[in-house]
Every structure is written in C-alpha cells, then in structure tokens.
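Here is a note for a colleague who has not looked at this entry before. Please read the points with the structure open.

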Protein chains: 2
Amino acid sequence: MTQAFSTKHRILGAAEELFARHGFGSTSLRQITSHADVNIAAVNYHFGSKENLVEELFRRRMDQMSTDRRNALQKALSDKDVTLESVLRAYIEPALQMGRKHNGGHFVRILARAYAEQNDRLRKFLSENYGSVQRDFAKAIDQVRPGLSKEQMYLRLDFVAGALTYTLSEFGMVKRAAGVSEAQHLDKLTDTLISFCSAGFKS
Amino acid sequence: MTQAFSTKHRILGAAEELFARHGFGSTSLRQITSHADVNIAAVNYHFGSKENLVEELFRRRMDQMSTDRRNALQKALSDKDVTLESVLRAYIEPALQMGRKHNGGHFVRILARAYAEQNDRLRKFLSENYGSVQRDFAKAIDQVRPGLSKEQMYLRLDFVAGALTYTLSEFGMVKRAAGVSEAQHLDKLTDTLISFCSAGFKS
DNA sequence: GTCTATAACCTGATAGAC
DNA sequence: GTCTATCAGGTTATAGAC
C-alpha cells in the first residue's frame, strides 16, 4: 500500500513519455517498466492490461484539460466584457499550458496520435466523455458571435483543435529560437493562434 | 518480372490502409501481406525492410501531393487576379482531393500520424524533401499579403496544415450528413477552410 | 505489493528449394 | 519472383513464491 501510488504513478509517467515518443503499438510494457524502474508484472497488477493502462492515462490528462477549460470558460463568461477572443483563449490556453502546469507536456502529442487513430473504442470514449466540453464552447461562441449554423460552428471548432494540436506536437516548421524562453514562446504562440482563429470565426 | 509491379503495388496499397488504421508499429508485415494476398517473404524481396516500405510509401504519396500543390500554385500565380484565397486554395485543395484523384484517402491519416511522431528520421526526410513546397507557398503568400515576419508566416502556415490534417483525418465532430455526397461535403469543407484561414492570415 | 519464471504467441528477417 | 521453413528475439499475460 505504501508504494502503491508511487509505482502506479511512475508507470503512468513513463508510459506517457514513451507513448508520445514512439506510439502505443511500438511501445512495449517492458520498455515502460524498465524506464519507470518497476517490475514488469506491476503493470498487470495495477492496470490489468496494456489497454487499460492507455485508457487510465487518457482519462487522467483529459480530465485535467477539460476541467481547466471549463473553469477558464466560466471565468471568461462571467466577465461583462466577454469577447470571442476571451472564449477562444479559454479553449486554447489550457491545452498550451498543460505541459507546464501539470507536467503533461507529452500528452498533447499522444492526443495528436489519437486524432489519427481509427480506433472506434477510443473515439467513442473521447466523444462520450469530453464531447460536452466542445458543446459548451460552441454555445459560448454562439453567444458572443451569433449567426453560425451548427455545422459551420463545429467545423470551425475542428479547425481550431487541429491548428492547436499540430502546433503543440512541435512538428511544424516553427521551432523555438535559441534566445527565447519556453514561456515566451508559448505566450506568443497562444496570442497568434487566438488572433488567427478569432479572425477565422468572424469570416 | 511480369508480376513484380502488381505484387509491389498490392503491398503498398495494403500497407497504406493498415498503417492508416492501426499505425506503423501496430501493423505487422504479416497483416500487410495477408491483406494484400502475397507471400510474407515478398516484402523483404521488394522493399528490403519494413522501414524502407514506410519510406517508399511516404515518397509515393508526398510526391503526388507536392506536385499537385506546385502546379496549382503556379496556375494561381499566373493569374492576374491572384489573391490570398487562390493561393491558399492551391495548398488546401490538392490535399483534400488526394483521396479521390489518386485513391489515396488513407494517406492523409498516415500523414496525421507522422505529425505526432517524434521519429527524427521521418521528420528529417519530410523536411528535406518537401520543405521547399512550404517555402514556395510562404513566398507566394508574402507576394499577395506582404508584411508578416518570417516567424509569423510559418506559424500561420503551421496552423493551416494542422486544421487541414485534423479535418482530413475525420476525427472531429463534423461528419458528413446522410444526404450529402462525398464531393459536396469536400467542397464545402474546402471553402470553409479557405475562408477561415485567409481571414486568419489577414489578422 | 513485489518478484521470478515461464507459457503461449507474434515479430521481422532470411536461407534455400522451386 | 515466389514459396516454405525456420531463426532469434521480442511480445503480453499470468501463476506462484515471498
């Protein structure tokens, strides 16, 4: 019992890093347990199977990000001067800040992997558990910027999610320059993305 | 010799479908050859290794898409009434049309996977071979819409690529409605994305 | 809760017959 | 160019001692 949390936590941490780097299929439980410095059998003891480990890992991070987004949205809406920009910020900033606030920098890349996945189980899990966040933001955007059809609204929200994820996976051409701190880089990225997307929503 | 192309082609086709569905690491050569109805040893005979198979597969599709984009860009620039919208269309439309023109519908999902990959070899391969296309588009956008710094330009191009890929991987909330044809759906998607992104570039 | 040992199986790759 | 057979090593999962 005393080490239970520690071991479980270490497994989750190592799994997150390795899944982000090499993907689910290419990462073996042996690599994970070796990296986490725990026994191979611990995975099955604590999670039951590799598939369950993936799901717990997803749940942990998505809950964090969704909570952050909801809180930020509520705060934005409670302001009298709520704008499209402030609503979009509530959606974008929590994702971009995940890495620093929760030490979850690897998760965004895992999320990017999930997008490419045709895995019905994973898609259903995500849509059932976190689809309501998207709907809340759609509602909020409709308040500050009415007139978009439901289809146009969700299409544009998909564009935002795509631009956000792609940027976060650090695949694109823009890398952080040598003299710029991580925080500065993220701030500039956030601002540019918000202004890009709010212009897009107004189009 | 007589069957060489056929076998090679069948392997590439099956690999593309399965890599898109399950990822590189989770797809075995046995699954591929069984799906392609060829002998397991044929992969090594024709490609040498799994890694080479992946690279040939990438090269085949990326060459198609890059050529289509370059041609479309040249055509757009040769028009006296070239606009930001027409340049963005030259970037976006070839990707969205890949599935229908070249029967490469699976490839966009593979590309989305590649984005999430931290595989240095793959990243280097893509950036070395196809980075010039991005640069050509950056130059073209600067002609029709001057003023963006190099960093801001590439940042926004990354947003476009992200929104495009995400949309193409059919992960988002917007699905094609029952009464709408694939072609109509793609056309609407293209137009919305172009207007979203050109507004973003003007912001 | 943690460990070792092992079962049962799948993996990429290749040698060699045809 | 295509096949079978096989290698060496990796995989998840679990039984059972501590």
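**Notes on the interface and related features**

1. Between chain A and chain B, 2 salt bridges cross the interface, a salt bridge being a side-chain nitrogen of Lys or Arg within 4 Å of a carboxyl oxygen of Asp or Glu. Lys188(A) pairs in this way with Glu151(B), with 2.9 Å between the closest N and O atoms. Side chains of opposite charge can pair when their charged atoms come close.

2. The model is predicted: local features need pLDDT of at least 70 and side-chain atom pairs pLDDT 80 or more, while totals for chains, interfaces and linings use all residues. Residues are numbered from 1 along each chain as its sequence is written, chains are lettered from A and ligands numbered from 1 in the order written, and side-chain values use heavy atoms, without hydrogens and water.

3. Polar contacts also cross the interface: 8 residue pairs of chain A and chain B, both at pLDDT 80 or more, are found. A polar contact is a pair of N or O atoms within 3.5 Å; within protein, one must be able to donate a hydrogen and the other to accept it, and residues adjacent in sequence count only if both atoms are side-chain atoms. On the side of chain A that touches chain B, helix 8 gives the largest share, 13 residues. Helices here are DSSP runs (H or I, at least four residues), numbered from the N terminus.

4. How many residues does each chain bring to the contact? Chain A supplies 48 residues and chain B 48 residues, where contact means heavy atoms within 4.5 Å. About 4500 Å² is buried between the two chains, 65% of it on carbon and sulfur atoms; buried area is the accessible area (1.4 Å probe) that two parts lose on being put together, summed over both. In chain A, the residues losing the most area to chain B are Phe159(A), Phe171(A) and Phe196(A), together 18% of what that side buries.

5. The copies meet through the same surface, because 100% of the interface residues of chain A are also interface residues in chain B.

6. Over all chains, the structure holds 28 salt bridges. One of them joins Glu85(A) and Lys202(A) at 3.1 Å, N to O. Glu85(A) sits in helix 5 (residues 84-101) and Lys202(A) in helix 9 of chain A, so the pair, 117 residues apart, links distant parts of the chain.

Methods. Helix = DSSP H or I, 4+ residues; strand = E, 2+ residues; numbered from the N terminus.
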